[in-house]
Each structure stands twice: as structure tokens, then as C-alpha cells.
Amino acid sequence: MWISRKRRAVATLLVASVCALVPVRAHAEASAAQKAAAEALFDDAVKAMKNNRYADACPKLEESQRIDPGIGTLLYLGECYEKTGRSASAWAIFREAASSAQAKGETERARVATDRADRLQAGLSKLTIAVAPETAHLAGLHVTRDNVPVESSLFGIAIPVDPGKYHISASADGYESYQTELEVSANADAKSTQIPALKPLAPPALAPAAAASAAPSGAPNSTSPVVTPTNPTSPAATDSAPNSLRTAAFVSGALGIVGLGVGSYFGVRAISKNNDAETHCPRG
């Protein structure tokens with residue numbers, strides 16, 4: 001009985017050990033597969049470089065370095081960048097390779113990488129992005145160079161860049177965005193641009209319906225007359241009815257008197273003219 005229990009305990013331990021080793025083995029297989037892919041990319045890139053197809057080689061070296069970083073891959077990538085005219089990228093890669101080799105004690109590789117970086121440094125082209133003080137202090141300011149954020153610590157600093165065209169933009173909440181483009185040439189060219197003070201956005205105009213709804217409740221609308229309803233059964237309305245009738249009667253009487261006076265005047269004038277006519281023309 002004791003032996004059977006011992007066997008079951010040993011079997012349980014073995015199963016647990018196997019289960020624990022499965023993830024480790026899977027991880028090792030994944031790492032091996034990634035390394036194999038990195039090696040294949042590296043080999044294809046080297047072949048392309050030997051055939052002067054540097055534009056095809058650089059992306060493969062980049063991917064190989066991302067999967068399985070290595071100093072040798074960095075040295076080839078730096079050379080590939082240099083051959084394609086990306087002097088600033090090549091300089092940065094050689095500097096990285098020199099630092100990594102120095103940290104690992106590979107003095108010869110560190111010396112080669114340092115020499116390659118120093119050789120490129122004198123001919124680096126640089127770009128300076130300055131920002132007006134009014135804009136630099138805006139909350140939420142976002143400055144980009146070819147959609148890559150530019151940190152505020154780099155404002156006004158001459159940064160080594162590869163020759164080519166660059167798109168600079170700046171934006172902040174509540175302000176109009178600013179955009180500009182410039183081209184940096186090779187062989188120690190120096191270009192600079194300044195982002196001006198951003199213009200505040202105009203407040204949005206309210207629609208007529210929104211303006212009406214924004215008016216205080218109970219306030220009369222200035223564009224419409226105020227009509228006060230009258231209750232015909234109220235005492236004021238009852239008293240006003242006879243007054244209105246009396247006023248109408250007076251007006252009618254006055255108009256009658258005026259009409260009588262006018263008629264009498266024209267009648268007298270007619271008789272007078274008739275007498276004058278008979279004097280001058282007695283026979284009609």
C-alpha cells in the first residue's frame with residue numbers, strides 16, 4: 001500500500017514537471033523561429049547590398065534588427081543608410097553600434113563604428129524648428145515633423161536630418177493649426193523654420209433658433225408687438241364701449257357740419273358766377 005502511494009506521488013510530480021516545461025519549450029521554439037527569420041532577412045539583405053540594391057536591403061535589415069538585435073546587423077544597416085543618402089540615419093546607427101559594442105567589450109567593432117560615425121558627422125545636414133513664445137506656452141501644443149512628434153526640449157535645436165522634404169505642423173485646442181514645408185539638401189545644409197503665434201479660433205455663430213432659445217424665459221421678443229388681451233366682460237371693457245360710441249357720434253356730427261359748410265360755399269359761388277354771366281351776356 002505504501003509503495004503504491006509513493007508511485008502515485010512520483011507520477012504526479014512527473015506530470016507537473018512536464019506541464020511546467022511545455023510553456024518554456026514553446027517559448028524556446030518561438031525564439032528559435034524568430035532568430036531563423038532574422039537570419040534569413042539578414043542574408044537576403046547582404047546579397048542585395050552586394051548587387052547594389054540598397055533600397056531593397058535596408059527594410060530587410062531593419063526588420064532583422066527588430067526581431068533579433070545585433071551589432072553586426074547595425075553595422076550593415078548603417079552602411080545601407082549611407083549608400084542610400086540617409087546620412088543622419090547612418091550616423092545615428094553607427095553611434096548606436098559603437099555604444100553597444102563598447103558595452104559588450106567588442107573594442108574592434110566599437111572602433112569601426114565610431115570611425116564611420118565621425119566620418120559622416122562633418123557633412124550632416126540639420127533642421128531647426130523654433131516656436132514663438134506665445135505658442136510655446138500654449139497648453140496642449142502638438143508639433144510634428146512628418147507626423148512624428150517633436151518634443152518641446154528640441155525647440156530651437158539644430159537636429160541632424162536626412163536630406164529631403166519635411167512637413168511641419170503645429171496645433172493646439174482653440175487655435176488655428178499652422179503648417180509649412182521645407183526641403184533640406186545634402187552636404188551640411190542648414191535649414192530653420194519658426195512656428196508663429198497661433199491665431200485663436202473664431203467663436204461659432206449662434207443660429208436664429210439657438211439665439212431665441214438662449215433668451216431669458218418670460219422676456220418679450222423685441223421683434224413682435226406686445227398684445228394685451230382684453231376681457232369683454234370686464235368692467236373696463238364695459239365702460240369703454242359707450243365711450244367709443246360717443247366718440248364716433250361726435251366725429252360723424254363734425255363731418256356733417258363740415259360737409260354742410262362746404263356745400264353752402266360752393267352754392268354761393270355758383271350763384272355769384274351765374275349773375276356775372278348774365279351781366280356780360282344778358283341774352284344768355
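**Salt bridges, a helix and a strand**

A salt bridge joins the side chains of Lys191 and Asp189, with 3.5 Å between N and O. The model is a predicted one. The two partners differ in exposure: Lys191 is partly exposed, at a relative accessible area of 30%, whereas Asp189 is buried, at 17%. The cut-off for buried is under 20% relative accessible area.

Elsewhere, salt bridges with shared partners tie Glu62, Arg86 and Asp162 into one network. Within it, Arg86 forms a salt bridge with Glu62, and their closest N and O atoms are 3.9 Å apart. This pair links distant parts of the chain, 24 residues apart: Arg86 lies in the loop between helix H3 (71-83) and helix H4 (87-103), and Glu62 lies in helix H2. Arg86 is partly exposed, with a relative accessible area of 31%, and Glu62 is also partly exposed, at 32%.

A salt bridge inside a helix is found in H5 (residues 107-121), where Glu108 and Arg111 are three residues apart and therefore separated by about one helical turn. The closest N and O atoms of Glu108 and Arg111 are 2.5 Å apart. Glu108 is partly exposed at 46% relative accessibility, and Arg111 is partly exposed at 43%. The salt bridges come to 11 by count.

Helix H2, which contributes Glu62 to the network, spans residues 54-67. Its 14 residues reach 20 Å from the first C-alpha to the last, close to the 20 Å expected at 1.5 Å a residue. Its buried residues are Tyr54, Ala57, Cys58, Leu61, Ser64 and Gln65. These cover an arc of only 135° around the axis, so they sit on the same side of H2. The face turned away from that buried side carries Ala55 and Arg66, which are exposed.

The next element is strand E1, residues 125-131. Five of its seven residues are buried, so E1 is largely enclosed by the rest of the structure. Two strands that pair with E1 are E4 and E7. With E4 (residues 158-161), the pairing is antiparallel and has four bridges; here Ser125 has Val161 as its bridge partner. With E7 (residues 190-195), E1 runs parallel, joined by six bridges. In this pairing Ile129 stands opposite Thr193. In a regular strand, side chains alternate between the two faces of the sheet.

Terms used:
Residues numbered from 1 in each chain as written. Predicted model: local features only at pLDDT ≥ 70, side-chain atom pairs only at ≥ 80, totals over all residues. Heavy atoms only, no water. Buried < 20%, exposed > 50% of the residue type's maximum accessible area, 1.4 Å probe, protein only. Pairing = 2+ DSSP bridges. Expected span 1.5 Å × (residues − 1). Arc of directions from axis to C-beta. Salt bridge = Lys/Arg side-chain N within 4 Å of Asp/Glu carboxyl O.
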